[in-house]
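Work through the exercises below with the sequence and the model in view. Try each task before reading its solution.

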Amino acid sequence: MPEPDRIIRLRTVLDRTGLSRSTLYRKIAEGTFPAQIKISINGAGWRESDVSLWVADPVAWRKERQV
């Protein structure tokens with residue numbers, strides 16, 4: 001049985017991607033970075049697998065989502 005996908009928070013995403021907070025949110029708005037998912041009333045996070053795919057190949061991530 002595969003492990004469930006972890007939800008990671010903003011600080012972890014910024015550390016893994018090397019992006020600044022403003023660049024990260026700009027890329028989300030442009031559709032070139034995975035959007036966060038709501039995990040509570042005031043909290044959001046990202047699927048670790050989506051962030052890992054983006055880190056592996058940012059250009060391919062966008063193409064996968066547009067198809």
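Two strands count as paired if DSSP finds at least two bridges between them. The model used here is predicted.

**Exercise 1.** Determine how E2 and strand E3 pair, and place them in their sheet.

Solution.
1. E3 covers residues 44–47, and E2 pairs with E3 over 2 bridges.
2. The sense of this pairing is antiparallel.
3. One bridge joins Lys38 to its partner in E3, Ala44.
4. The sheet is open and has 3 strands in the order E1-E3-E2.
5. Strands E1 (7–8) and E2 (37–38) are at the edges with a single partner strand each, so each has one side without a neighbour in the sheet.

**Exercise 2.** Which residues of helix H2 are buried, and where do they lie around its axis?

Solution.
1. H2 spans residues 21–30, and Leu24, Lys27 and Ile28 are its buried residues.
2. Viewed down the axis of H2, the buried residues fall within an arc of 105°, so they line one face of the helix.
3. The face turned away from this buried side carries Ser22 and Ala29, which are exposed.
4. The buried residues pack against helix H1 (10–17), E3 and helix H3 (48–56).
5. After H2 comes Gly31, with a positive phi near 85°.

**Exercise 3.** Describe the largest nonpolar core and find which helix supplies its largest share.

Solution.
1. This core has 12 residues, among them Leu24, Ile28, Phe33 and Trp46.
2. At least two core residues come from each of H1, H2 and H3.
3. H1 gives the largest share, 3 residues.

Conventions
Residues are numbered from 1 along each chain as its sequence is written. This is a predicted model: local features need pLDDT of at least 70, side-chain atom pairs count only at pLDDT 80 or more; totals for chains, interfaces and linings use all residues. Side-chain values use heavy atoms; hydrogens and water are left out. Helices (H or I, at least four residues) and strands (E, at least two) are DSSP runs, numbered from the N terminus. Buried means under 20% relative accessible area, exposed over 50%, partly exposed in between (1.4 Å probe, protein chains only). The arc is that of the directions from the helix axis to the C-beta atoms. Contact means heavy atoms within 4.5 Å. A nonpolar core is a set of buried Ala, Val, Leu, Ile, Met, Phe, Trp, Tyr and Cys residues joined through side-chain atoms within 4.5 Å.
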